[in-house]
Amino acid sequence: MPPPSRPTPPDDAPDHAPAPSDQRPATLDACRRCDLWRNATHGVPGDGPTPAPVMVVGEQPGNQEDLAGKAFVGPAGRLLDEAFAKAGLSRESVFLTNAVKHFKWELRGKRRLHKTPAQREIEACGYWLEDEFERVAPRVVVALGATALKAVLGVKATSLRKVLGQPIEHDGRTVIPTYHPSYALRVPDPAAREAAFDEIVAALKLAAKFSGKATRKRAGAAVTKRAAAPRSKPASKPGPKPGPKPGSKPAAKP
Ligand code: URA
């Protein structure tokens, strides 16, 4: 059974109150930058070491993640665990997060079914993703699916298939686009399912490789900037101090 929706807050905001996406909450629980918090059980923050050489970004928490308050603990997470194991990358060594931190869903019968987040929700939640980028300082970012890719690149549209598995230098990081594990779970054709899983494994292997080499490679590389408008940062940042920005220091040997 879905948990009951939270009560709507009183409509007492003054006329001059900033638009929700201009708010700068200090915690995810206090976040009202979009409306997804209303029907979610938990905001689900990213999880993993800070700093970490590799960050893996999904779309948004699913039903089980919403209930547990932890990213990738449901079926997609189990498939991702298999992919990590096959790629020889430990889940504990990467920072695992989502582009959007609250579960967006619609009721079908008794089930809460995933709904793709809207662009304005991705942008509102970019505030938290940006904070995670600062704290994690990843050299490599694996984007799982089109929503994650748009969020990581700060663009409104992208064709995942055109760039699948191809490293993109962006904002001083190497971004590796791949399929979302949910796609690899639900695509009907077994051969396509296997191919999608293999793509995810290949992307994780590439991430492991680039995370060792990226600093040296990037020392002389041009740093691309976000296409989207700069996002404001959380008012107070929980967690440890950010590590050095990739590309901001002389190359370290892998
Ligand atoms: N799908 C995601 O993108 N993230 C999760 O945490 C779970 C499912």
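Here are a few exercises on this predicted model, each with a worked solution. Local features need pLDDT of at least 70 and side-chain atom pairs count only at pLDDT 80 or more, while totals for chains, interfaces and linings use all residues. Residues are numbered from 1 along each chain as its sequence is written, and side-chain values use heavy atoms, with hydrogens and water left out.

**Exercise 1: the ligand shell**

Work out which residues are around the ligand, and how they split by class.

Solution. Start with the cut-off: a residue is near a molecule if one of its heavy atoms lies within 4 Å of it. That picks out Gly58, Glu59, Gln60, Pro61, Gly62, Glu65, Ala71, Phe72, Ala76, Asn98 and His180. Now sort them, with Ala, Val, Leu, Ile, Met, Phe, Trp, Tyr, Cys and Pro as nonpolar, Asp, Glu, Lys and Arg as charged, and the others, Gly among them, as polar. You end up with four nonpolar, five polar and two charged residues.

**Exercise 2: polar atoms at the ligand**

Find polar protein atoms that sit by N or O atoms of the ligand, then say how much of the ligand is covered.

Solution. Take the nitrogen side to begin with: a polar side-chain atom of asparagine 98 is 2.7 Å from a ligand nitrogen, and a polar backbone atom of glutamine 60 is 3.0 Å from a nitrogen of the ligand. Next, the oxygen side: a backbone N or O atom of phenylalanine 72 is 2.9 Å from a ligand oxygen. Finally, the protein covers 94% of the 230 Å² of accessible area that the ligand has on its own (Shrake-Rupley method, 1.4 Å probe).

**Exercise 3: buried or exposed?**

Decide whether lysine 101 and arginine 120 are buried or exposed.

Solution. Buried means under 20% relative accessible area, exposed over 50%, partly exposed in between (1.4 Å probe, protein chains only). Lysine 101 has 1%, so it's buried. Its loop runs between strand 2 (95–98) and strand 3 (105–108), and a polar side-chain atom of lysine 101 lies 2.5 Å from the backbone oxygen of asparagine 98. Arginine 120, in helix 3 (residues 119–136), comes out at 59%, so it's exposed.

**Exercise 4: backbone oddities**

Locate a cis peptide bond and residues other than glycine with positive phi.

Solution. Recall the background: most residues other than glycine have a negative phi, and most peptide bonds are trans. The cis bond joins threonine 50 and proline 51, with omega about -5°. For phi, phenylalanine 72 has about 55°, and this residue is buried at 5% relative accessibility. Aspartate 171 has a phi near 55° too, and is buried at 16%.

Notes
A polar contact is a pair of N or O atoms within 3.5 Å; within protein, one must be able to donate a hydrogen and the other to accept it, and residues adjacent in sequence count only if both atoms are side-chain atoms. Helices (H or I, at least four residues) and strands (E, at least two) are DSSP runs, numbered from the N terminus.
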